[in-house]
Amino acid sequence: MSEQIPNMDYNADEVIKGFKEKFSWAKADEVQAVVKPKKLWLRLLLSLLATIIAGGIVYYNMLPALNFKDSQMYTFLIALVVIFMIAFSLACRANKLIERKEYVKSKAKFPVAIIAVLVVVMVIGSVCGATIFRAGSYSKLMPVTNSEFSEDFKSISYDSVPRIDQDRALTLADQQLGSLAEYKSQYVVSNTTTMINYKGSPVRVAYLEYADVFKWFNNTKEGLPAYMIIDLVTQKVSVVNCKEQFGEGIKYSPTEWFNEKLYRHIRFQYPTALLDTPNFEINDEGRPYWITPVLDKTIGLFGGTDVKGAIITDALTGESEYYDIEAVKNNAELQWIDVVYKDTLVLEQYNYYGKLKNGFWNSIIFQNDVNLTSEGWGSIALDDDVWVYTGVTSAESDSSNFGFILCNQRTKETRYYQNGGAMENAAQRSAQDAVQNYGYKAIFPILLDIEGKPTYFMSLYGSSNTVKGYALVNLDDKTLVGTGLLDNTNKSDAQALNAAVENYIYALQDKGIIGNDVDLDDYIVDDNKQPDEEKPAETNGNTVKGKVSSIKTSVNNGNTVYYLEISGKYYYISVADCMEVLLVNTGDNVTVTLSGKSNGVFIEAAKVEK
């Protein structure tokens with residue numbers, strides 16, 4: 001019996017362990033074989049197709065510039081490499097077969113090297129443009145010239161400056177839209193506006209947006225039907241119906257989807273351009289356009305942001321055209337454009353100038369002659385352009401300014417005025433203290449010339465976000481305040497404005513700052529006065545007589561050419577041909593002798609006489 005029974009002398013645990021080793025899945029560090037997948041070319045092709053499809057979706061939403069100065073392009077390229085590696089790994093079934101996983105890992109060295117190179121380029125490009133190494137270059141981004149306050153501001157009347165800011169303008173636009181039954185259920189007012197100088201008056205223009213995606217689906221075929229003009233002086237809102245005036249709606253805007261979405265539409269037209277956020281503007285005929293600044297990185301790879309041109313896009317048709325920045329500055333046909341340099345950009349460039357002009361380490365340690373813009377900024381209309389205004393203070397943020405700047409948003413011309421005094425926020429507090437029992441707030445002020453004295457002007461608004469009155473605060477002495485409120489005494493906007501300036505002049509006289517011979521009638525705004533309609537030009541043979549509503553200049557072949565706008569037409573003449581044109585100012589009545597050449601609204605003049 002024992003001879004038939006096998007030997008049972010063995011360890012059961014060893015048997016079980018050996019059995020498991022035969023059938024267990026090998027660990028990654030135990031695999032020695034790297035198996036090349038069959039039909040590798042097909043797997044590569046599928047991976048490439050998947051990368052193209054997924055990359056196209058990423059590009060459609062991300063919209064980077066195909067430009068080595070755009071940091072988003074590097075992010076996009078890294079995303080493409082990652083997408084390809086994921087697609088290739090799945091195509092090789094590396095998630096199922098460990099020997100395939102080892103093959104994919106062995107081939108991943110090249111894509112990883114590409115990502116590493118892209119990251120190194122970004123780091124080196126950023127370091128080369130760092131302010132610590134390139135302080136001098138940053139300080140020269142913005143040329144600044146000194147100017148005289150009394151000369152530049154003498155033509156600015158206190159009753160023609162903006163009385164409301166963007167927030168108040170949007171409130172008025174929302175109220176106006178709410179009264180229009182045909183628009184209010186389908187559209188809302190955009191939360192951004194553009195301040196422009198339109199027909200000699202400061203206004204803000206705002207486009208409409210679809211109220212929601214369902215309203216977009218219902219109306220996108222016809223486009224946005226209208227836009228709004230908010231007069232910053234009269235505070236009146238006009239709704240311009242594009243369909244009635246131009247025959248079609250606004251088809252391209254930020255509120256659209258797919259290919260009509262404005263930024264995507266422009267990107268497809270200019271794939272390599274570094275695009276800034278488009279501005280909504282209108283030309284002299286009221287036709288809506290999008291003005292998109294084209295940027296350049298002038299220091300290192302990503303530093304020294306500046307504007308090198310602008311893309312003008314017809315909001316109705318989507319047609320676009322690029323113009324170099326010099327053309328925008330000097331071409332008379334483009335001078336209806338007001339905003340090419342964003343306020344944030346010009347303030348950033350001035351801060352580089354004020355902070356780094358004596359070197360990087362001086363800005364950190366010694367801070368000799370270091371100055372920065374104060375908190376906040378405003379805009380004024382001057383010389384048929386829009387200028388950004390802000391105060392200039394020391395690096396230590398003193399309680400007072402020692403000057404202020406104006407920067408032209410079309411040409412970047414920057415003027416510095418050495419007129420020191422109270423900071424803007426201090427002037428706002430003084431104005432609010434004067435009406436503290438009402439709880440009114442003051443908008444960011446702008447400077448005016450009142451009897452030769454730099455004076456802050458600001459509107460006062462209440463909880464309803466509408467204007468409740470005005471305040472004037474002296475730059476040198478913030479305790480000198482004049483206010484005028486819309487109340488039972490001052491029942492109109494003009495009466496409140498008159499009260500503010502009268503009280504301010506009385507305050508100056510009480511302190512002996514100005515004499516008692518000031519004629520208040522020079523400042524009184526007629527409550528019943530309506531804007532004078534411009535008389536049409538009188539044409540007699542080859543001469544035209546009329547009032548000059550604006551003056552523009554350009555330099556052609558070294559010669560300065562003046563463009564005099566009279567009744568909506570421009571009469572141009574070179575200074576070399578007529579020295580008398582130098583004496584002509586806006587508002588003058590002139591006689592223009594024509595040469596016979598005409599190109600639409602631009603007519604060549606042979607002679608100009610006052």
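A salt bridge is a side-chain nitrogen of Lys or Arg within 4 Å of a carboxyl oxygen of Asp or Glu. The model on display is predicted, and this tour begins with pairs of that kind.

**First stop: R410 and D385**

Select R410 and D385 and display their side chains. The two form a salt bridge in which the closest N and O atoms are 3.0 Å apart. R410 belongs to the loop between β16 (403-408) and β17 (414-417), while D385 belongs to strand β14 (residues 385-394), so the pair ties together parts that are 25 residues apart in sequence. Both R410 and D385 are buried.

Keep D385 in view and add D384, which is found in the loop between β13 (378-382) and β14. Although D384 is not a glycine, its phi is positive, at about 65°. With a relative accessible area of 22%, D384 is partly exposed.

**Second stop: a network of charges**

Next, select D152, D383, E413 and R415 together. A network of salt bridges links these four residues. For the whole structure, the search finds 18 salt bridges.

**Third stop: R163 and D493**

Move to R163 and D493, whose side chains meet in a salt bridge at 2.4 Å, N to O. R163 sits in the loop between α7 (149-152) and α8 (166-178), and D493 sits in helix α17 (residues 493-510); the pair therefore ties together parts that are 330 residues apart in sequence. Are the two partners buried or partly exposed? R163 is buried, with a relative accessible area of 6%, whereas D493 is partly exposed, with a relative accessible area of 22%.

**Fourth stop: D369 and K357**

Now select D369 and K357. Their salt bridge has its closest N and O atoms 3.4 Å apart. D369 lies in the loop between α15 (360-366) and β12 (371-373), and K357 lies in the loop between α14 and α15, 12 residues apart. K357 is partly exposed, its relative accessible area being 28%.

**Fifth stop: helices α6 and α14**

From K357, turn to helix α14 (residues 343-356) and colour it together with helix α6 (residues 131-139). The axes of α6 and α14 come within 9 Å and cross at roughly 110°. Angles of 65 to 115 degrees count as roughly perpendicular, and α6 and α14 are therefore roughly perpendicular to each other. Which residues make the contact? On α6 they are T131, A135, Y138 and S139, and on α14 they are Y352, Y353 and L356. The residues of this contact divide into 5 nonpolar, 2 polar and no charged.

**Sixth stop: helix α12**

Select helix α12 (residues 262-269), in which L262, R264, H265, I266 and R267 are buried. To see what surrounds these side chains, display the neighbouring elements. The buried residues of α12 pack against helix α2 (40-62) and against the strands β7 (274-275), β9 (288-299), β10 (303-314) and β11 (320-324).

**Seventh stop: T298 on strand β9**

One of the strands just displayed leads to the next selection: T298 lies in strand β9. Its relative accessibility of 41% makes T298 partly exposed. Leaving aside residues up to four places away in sequence, T298 touches L141, G303, G304 and D306. To gauge the distance to another part of the chain, select Q418 as well: T298 and Q418 are 120 residues apart in sequence and 30 Å apart in space, C-alpha to C-alpha.

**Eighth stop: F214 and G452**

Go to F214, which is placed in helix α10 (residues 213-219). F214 counts as exposed at 66% relative accessibility. Draw a distance line from F214 to G452: their C-alpha atoms are separated by 57 Å, and the two residues are 238 apart along the chain.

**Ninth stop: N465**

Select N465, in the loop between β21 (453-461) and β22 (467-474). Phi of N465 is near 65°, a positive value in a residue other than glycine. N465 is partly exposed, at 21% relative accessibility.

**Last stop: the cysteines**

Finally, display C128 and C407. Is each of them buried or partly exposed? C128 is partly exposed, with a relative accessible area of 38%, whereas C407 is buried, at 3% relative accessibility. With the criterion of a pair of cysteine sulfur atoms within 2.5 Å, the count comes to 0 disulfides.

How values were computed. Residues numbered from 1 in each chain as written. Predicted model: local features only at pLDDT ≥ 70, side-chain atom pairs only at ≥ 80, totals over all residues. Heavy atoms only, no water. Axes fitted to C-alpha atoms, helices over the stretch in contact; angles between N-to-C directions. Helix = DSSP H or I, 4+ residues; strand = E, 2+ residues; numbered from the N terminus. Parallel < 35°, antiparallel > 145°, perpendicular 65-115°, else oblique. Contact = heavy atoms within 4.5 Å. Nonpolar A, V, L, I, M, F, W, Y, C, P; charged D, E, K, R; others polar. Buried < 20%, exposed > 50% of the residue type's maximum accessible area, 1.4 Å probe, protein only.
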